[in-house]
Amino acid sequence: MIAIIDYGVGNLFSLQSSFAAIGSEAVVSSDPKLIASADRLILPGVGAFEDAAQKLRSSGMADVIKREVAAGKPLMGICLGMQLLFDKSYEYGEHDGLGLIGGNVRPIAEVIDKDLKIPHIGWNRLIVKKPSPLFKYLNDGDCVYFVHSYYATDCSDSVTAVAEYSAELTASVEKGNVFGCQFHPEKSGDVGLKILKAFCEL
Amino acid sequence: MITKRIIPCLDVKNGRVVKGVNFERLGDVASPVELAQYYSSCGADELVFYDITASAEGRALFTDILTETARKVFIPLTVGGGINTVDDFDRVLKCGADKVSVNSGAIRNPDLIYQAAKLYGDQCVVISADVKRQEGEFRVYAKGGREDTGMEAISWIKRCVDNGAGEVVLNSIDTDGVKQGFDLEMLEAVSNVVNVPVIASGGAGKIEDFLTLFRTLPKVDAGLAASIFHFGEVKISDLKAEMARAGINTRV
């Protein structure tokens, strides 16, 4: 069973439905006992970093996640959920993340061409930098769906794929049993479902 | 780089997909959930569901259909029609919509876009504008294209984007249903003043019309159409293969 961690941000309906579509049971929960009994964890997230990081801590979920990850359980952060895995974010100030993967989150405006639109929104190709068990069903040139204005940087050791948007933006990361996708697998059609399936088979 | 998007639009009334020609003569096409699944499997990059029901029963039926679609279709879903308050945003987002498009609601309440963008983020708010040439200018129309608001369209759209709309759907009433190609002049005028994605709507009749759109106006991000997809005049899989062959960045 997969636990989708509920800490009061975002709509988890599509995410839960996408696991149902690949035949995996996923439960949306904030119950530490249930999360402890799950085989793997999903950390979702949309919205602002500061607010989400705050809610993760005040709900006690930050400690639960750290404990489960230390025990070896696979965790996947999605979109803002991926950004929360890092040390720090510079979205409207400077805010601490979970520190599960070394690196920082910074505005894409700092690295992309001035005339490009922000957010980086739409379907873009995954450019694989390092083999990952999450990519085992993927083909060259597969596209996934992105919506973000900030990106993970200073984390080259952990980057498994990037997307090209005049600069290379971190698309996915991996460190031990901790995984992160900047894109939305639950909105990336069959390609996204294949990535979730691979995560369920870890 | 980001690929150009192809978006089928499903006008839904009383639980069925309908499509008007110049917004009139509505005809029944198919089940929205089935059609959405079919389009997703053909390579549609996104879906727009437009609720054109007026009754409360119709609205409840629409949200049921939306929920059922979000359960089965895993590409971005934009919902419009009858969005007048932030509660309406909440209602459709809870059913699995990713973006919400406002039209008449933003004309009636200019604050709506700002309020919604603050709550849900710019990327969630789409301004959908029905625009028609009138007295030598582009004019915004309300109520499904039936009512001239008297407002000049380009400055109005720009104001909506300044207030937080993260995307523009530009529907040309002049070319809608005519099937002689998108309204390139109108689209260029809008693309020149906003720096958010612009979606072309109204006028596509054949594959070549999409190629012309993306070649002529590289700033336009997506092409939207309804009846030509519903009636199989243009197959999305063929369209996208042609786009890729023409060197247009496409998800195939």
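1. Let me start with the overall dimensions of chain A. A compact globule of 202 residues would have a radius of gyration near 17 Å, and the 15 Å of chain A agrees with that. Please keep in mind that this is a predicted model. The C-alpha trace of chain A spans about 50 × 40 × 30 Å along its principal axes, and 50% of the 202 residues count as buried. Among contacts in chain A with a separation of 6 or more, 69% come from residues 24 or more positions apart.

2. On to the fold of chain A. Its secondary structure amounts to 6 helices and 14 strands. Eight-stranded and open, one sheet follows the order β2-β1-β3-β4-β14-β13-β12-β9 (chain A), and its pairing is mixed. At the edges are β2 (26-29) and β9 (127-128) of chain A, each of which pairs on one side only. Within this chain, strand β1 (residues 2-5) and strand β3 (residues 40-43) of chain A run parallel and are joined by 3 bridges; I4(A) has I42(A) in β3(A) as its bridge partner.

3. Two backbone details in chain A are worth a look. The peptide bond between I118(A) and P119(A) is cis, with omega about 5°, and P119(A) sits in the loop between β7 (101-107) and β8 of chain A. C79(A), although not a glycine, has a positive phi of about 55°. This residue lies in the loop between β4 (75-78) and α5 (80-83) of chain A. C79(A) counts as buried because it has 24 C-beta neighbours inside 10 Å.

4. Chain B has a comparable pair of spots to check. N14(B) is not a glycine either, yet its phi is positive at about 50°; its place is the loop between β1 (5-13) and β2 (16-21) of chain B. With 13 other C-beta atoms within 10 Å, N14(B) is partly exposed. G43(B), just after α1(B), takes a positive phi of about 105°.

5. Helix α1 (residues 32-42) of chain B deserves its own point. Its buried residues include P32(B), V33(B), L35(B), A36(B), Y39(B) and S40(B). These residues cover an arc of only 165° around the axis, and therefore lie on the same side of α1(B). As a reminder, an α-helix has 3.6 residues a turn, so residues three or four places apart point the same way.

6. Strand β5 (residues 77-80) of chain B has parallel partners in β4(B) and β6(B). L77(B) and V79(B) point one way from β5(B), T78(B) and G80(B) the other way, and all are buried. Strand β4 (residues 47-51) of chain B runs parallel to β5(B), joined by 4 bridges, with Y50(B) opposite G80(B). The chain passes from β4(B) through helix α2 (residues 56-72) of chain B to β5(B) in a right-handed β-α-β crossover. Strand β6 (residues 99-102) of chain B pairs with β5(B) in the parallel sense over 3 bridges, and here T78(B) stands opposite K99(B). Helix α3 (residues 86-94) of chain B completes a right-handed β-α-β unit with β5(B) and β6(B).

7. Finally, the contact between the chains. It takes 23 residues from chain A and 22 residues from chain B. On the side of chain A that touches chain B, α1 (13-21), β8 (120-125), β10 (143-148), β12 (159-165) and α6 (189-200) of chain A each supply at least two residues. The most come from α1(A), with 5 residues. By type, this side of chain A divides into 10 nonpolar, 9 polar and 4 charged residues.

Conventions. Residues numbered from 1 in each chain as written. Chains lettered and ligands numbered in written order. Predicted model: local features only at pLDDT ≥ 70, side-chain atom pairs only at ≥ 80, totals over all residues. Buried ≥ 20, exposed ≤ 12 C-beta atoms within 10 Å, placed from the backbone. Arc of directions from axis to C-beta. Contact = placed C-beta atoms within 7 Å. Nonpolar A, V, L, I, M, F, W, Y, C, P; charged D, E, K, R; others polar. Pairing = 2+ DSSP bridges. Right-handed = clockwise from strand over helix to strand, strands pointing away. Rg over C-alpha atoms; globule rule 2.2 N^0.38 Å.
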